[in-house]
Structure formats: structure tokens, C-alpha cells
Amino acid sequence: MEQAQIGVTGLAVMGRNLARNFARHGHAVALHNRTAARTRELVEQFGDEGTFVPTETAEEFVAALERPRKLVVMVKAGAPTDAVIEEFAPLLEPGDMIIDGGNAHFLDTRRREADLRRRNLLFVGTGVSGGEEGALNGPSIMPGGSAEAYASLGPLLEDIAATVDGTPCCTHVGADGAGHFVKMVHNGIEYADMQLIAESYDLLRHAVGLEPAEIAEVFRTWNTGRLESYLIEITAEILDHADPATGQPFVDVVLDRAEQKGTGRWTVQSALDLGVPVAGIAEAVFARSVSGHTGLRAAAAGLPGPRPNSADASEPGLADAIEKALYASKIVAYAQGFHQIEAGAAEYGWEIDAGAMATIWRGGCIIRARFLDRIRAAYAADPHLPTLLTDEHFAQALGDAQDAWRSVVAAAARAGIPAPGFSSALAYYDALRAGRLPAALTQAQRDFFGAHTYRRTDRDGSFHTLWGGDRSEVTA
Ligand code: 6PG
């Protein structure tokens, strides 16, 4: 039997497209699927794209691979991944490698990597972004695992990844679960990006008064400037689409309940554990959640809104202001995501190069955008940037946008249009800017009711005021 450089098990659309991508790049690919019909189908349909080695049993699959073996697992995250690992691991030899290309939780990846390391096997949890199309034509790839594993696997992955300016959108992210962690944050940012675009659409439609096809045109114009991105591009296409059955704007016939497979929620859960304020991402997750609570929404539908005419429907320049608010809020969302990556790296002992993450997100993935090149440049100028907000370019953009940003948030509030992404991003910006925060009062309250102590602005140490007594201060 011909020996394959890499094998893919799990030939649903993502696995099938990755296998074809490897084959199209001249790598012989062993194929395996729980039901062999799918394997045969792939070879029948796409066999002429490269060298495929179809196999029907786990033993055959393992035997078809060159050593050290590289098995890419493309199955549903969670228990199915564990089951496939347990099916193959006993058949492997020291130094062989299992690669999980699904959207696994990074803590599962850490557990699996440690377990397989004890069994002298390498495990690489890798983020793959770009959907079906990306998997086939060039995704953004975020592999974790050991440097040793990357040394032999990396060239294969870099071969099939998207490229921007000749640079592959793939790099070794860091040890064990680092790749899946970064993919998780990528998805959190994806949620925030989508929410901000949705708010822009809502305001353009209901505060500016444009029709979907006109809004498509606005997005198309934005897509020629600093907001140029895959998500803006597809938004224009969606808004221009008429439902073939009814002739209505397509966006009007889609039920307004946004679902999620959960990676955005994971991002926020992890951020809470790490103590990182990813408020923009959280608002995006909660906005989807609110949309799904149809019972609550129906119950509240009769609550009073703003009086007619109190909306700034005719405010001149509102559309341009929305572009500025979107850009500024987007900077905030990415700043929060990169903060989480930095905090995750510190917590789990990963060395993650933030600039390299921006570089591999420039192409292939769902959040690909011209903007990412700016972030890459910001980290190139200062690898220890405390926050993206203080990078010279972004600080200036925020400063230029802030008046418009404030007026958009105010207009949304006056019109009764929910804009949690815009307003939370603005609040974050203002909180970081503030010389003093009312957290001082919060801390004093904690001391009042729970003797939780406080620190002072003028002296070191921890203190407690005897609130129930003579209100003198004692050292805690
Ligand atoms: C990607 C995407 C992808 C994600 C879908 C759906 O990078 O290609 O992030 O991995 O699964 O976009 O995500 P939700 O169902 O959570 O919206």
C-alpha cells in the first residue's frame, strides 16, 4: 500500500476539505471515516485532485501512514474526539502524532496532550478557521502542542494555509492547548465583530432610515476603507439578497434568534476565570442569548419606548458617525481579545507572540481584515504594548472617532435601539481613560458591610474603618 504523509479521519465537510487541500498540495493523504461509504465517495468525486489512500479500518489507516505518523482528527468536539483518540492511540508507536483540528475546549486539549505525552505520543490541538471554503482553499491555522511536533507538522500545515503577502496564515502558537485557546478567543472576537456589524445595520435601518439594499451599498463603501473585512463583505451580500420565495429582503424573513455552538461562551467563561474584562465579547454572547428568549421578549414587547420624534432619525451625518463608532468599538473588542490572550499565556505558561497571532488572522479566517495588519504593525512597533488602545495609530483613531461614537451611542439610546456592543465598548474606553473610578466607593462599601478592608491613596498597607463603632481607622 502507498504510504501517506498525513491521514485524515472524520470526513464530514471540514475533514473532507482539509484532506483535499493536503492532496492538492502534493501530499499523499490517507483517508478514514467511521462509515466507509463517505471515504469511497470522496475518492470517487475528488480522486483526481491528488493522491488519496482510502482505508476502511483503524488498523489499515495507521498502516498507511509514514512514520512518525500524523493523524488529523476532524470529528465533533467533546466525547467523540476522546473516543477517536482512544481508538487510534493504542495502535500508534512512540513519536507518532494525533492532530485535533476541531473546535475543542483548550482545557480538554491540555488534558489530552498530557495524557498522550505520558504514552509517548504527540498531540497537537489546532484551531482551524475559515469554514468549509477556508478548509479547502486555505484556512488560518492555529496549532498548539510541542515545538518538536510543530517541527515536523508545521511545514505541512503552512503549505495548506492561506497566505497574505507571501506569509502563511499558520504559526506555532504555543504549547499544549495554546492553539485551541487562541482559536477560542478568535471566535469570541468573531462574535463581537458580528454584533457590532449587526448594531450598525440596525441603526442604519431604524435611526438613519435606510432600506437593506441601501445599507448593502453603505457596507460596500465601508469595505473599500479601513473596515475592509470578510464579515463586512458578506454582510453587504446578505443585505442585497432578496428571498426567492417572497421577494422580501432576505434579512427580513430570517427568524431573529441567533444561535451559537458555544465558543463565544467559552471565551467569556475563560475571561471571567482569568479576570479579563472582555465586556464587548460578553455583550455579543448575551445579545444572542437575549434574542433567543422569545418568551421574555413577547412578555416585554408592550413596554414603553421613546416618544415618537424623540429619535435622532434625521441627524445629519449619522451614517458616517456609525462607521466611526464601528471602527472604534472594533478596536476595543480586539484590545480585549488580545488582553485575554496575554492573560491566558501568563496563566498557562505559554509564550504567545501577539503580533504573530494578528499576522495569521490576516487571511483565511472569519475575522480576516485589513485591520489585522494594523494590529501586526502595532505589536511590531512595541511587542509589550499594554493595550492596543494606546498604540499610536489606534489612539489617534479613537480620539478622532470619539465624538461620533458618543453621538451614536446617545442616538441609539434616544431612539430606543439596543446597541450593547457600541455602548459597552465606549464605557470600556472611558473606564480605562478615567483618572479615578468609582471603584473606590465599591471598595469602601465592601469594608462597611464585610470588613473586607481597603487600601489608601496616600499610604501603603490595608485598612479597615470601624464603621459600627467610633469610625476610627485601624490597620488590617
Ligand atoms: C471559524 C468559525 C467556526 C465557528 C462558526 C460557528 O473560525 O471558522 O469560528 O469555527 O464554529 O463560525 O460558530 P457559532 O455557532 O458559535 O456561532
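In the predicted model, Asn 103 is located in the loop that runs between strand E5 (97-100) and helix H5 (106-118). Its relative accessibility is 30%, and Asn 103 therefore counts as partly exposed, the range for that class lying between 20% and 50%.

Asn 103 is also one of the positions under the UniProt annotation "binding site", which comes from an unreviewed entry. The other positions listed in that record are Ser 129, Gly 130, Gly 131, His 186, Asn 187, Tyr 191, Lys 261, Arg 288, Arg 446 and His 452. The annotated residues span 350 residues in sequence, and their farthest two C-alpha atoms are 49.0 Å apart, so they do not all gather at one spot.

The ligand is surrounded by 15 residues, the closest being Ser 129, Lys 183, Glu 190, Tyr 191 and Arg 288. By class, this shell consists of two nonpolar, nine polar and four charged residues. Helix H8 (residues 178-206) supplies the largest share of the shell, with five residues. Both domain 1 (6-172) and domain 2 (183-433) contribute, each with at least three residues.

Polar contacts to oxygen atoms of the ligand involve both backbone and side-chain atoms. A polar backbone atom of Gly 130 lies 2.9 Å from a ligand oxygen atom, and a polar backbone atom of Lys 261 is likewise placed 2.9 Å from an oxygen atom of the ligand. For Asn 187, a polar side-chain atom is found 2.9 Å from a ligand oxygen atom. Of the 420 Å² of accessible area that the ligand has on its own, 80% is covered by the protein.

Methods: Residues are numbered from 1 along each chain as its sequence is written. This is a predicted model: local features need pLDDT of at least 70, side-chain atom pairs count only at pLDDT 80 or more; totals for chains, interfaces and linings use all residues. Side-chain values use heavy atoms; hydrogens and water are left out. A residue is near a molecule or strand if one of its heavy atoms lies within 4 Å of it. A polar contact is a pair of N or O atoms within 3.5 Å; within protein, one must be able to donate a hydrogen and the other to accept it, and residues adjacent in sequence count only if both atoms are side-chain atoms. Accessible areas come from the Shrake-Rupley method with a 1.4 Å probe; for residues, only the protein chains shown count as cover. Helices (H or I, at least four residues) and strands (E, at least two) are DSSP runs, numbered from the N terminus. Ala, Val, Leu, Ile, Met, Phe, Trp, Tyr, Cys and Pro count as nonpolar, Asp, Glu, Lys and Arg as charged, and the others, Gly among them, as polar. Domain bounds come from an automatic or database domain assignment. UniProt positions are given in the numbering used here, feature names are shortened, and annotations may be inferred rather than shown by experiment. Buried means under 20% relative accessible area, exposed over 50%, partly exposed in between (1.4 Å probe, protein chains only).
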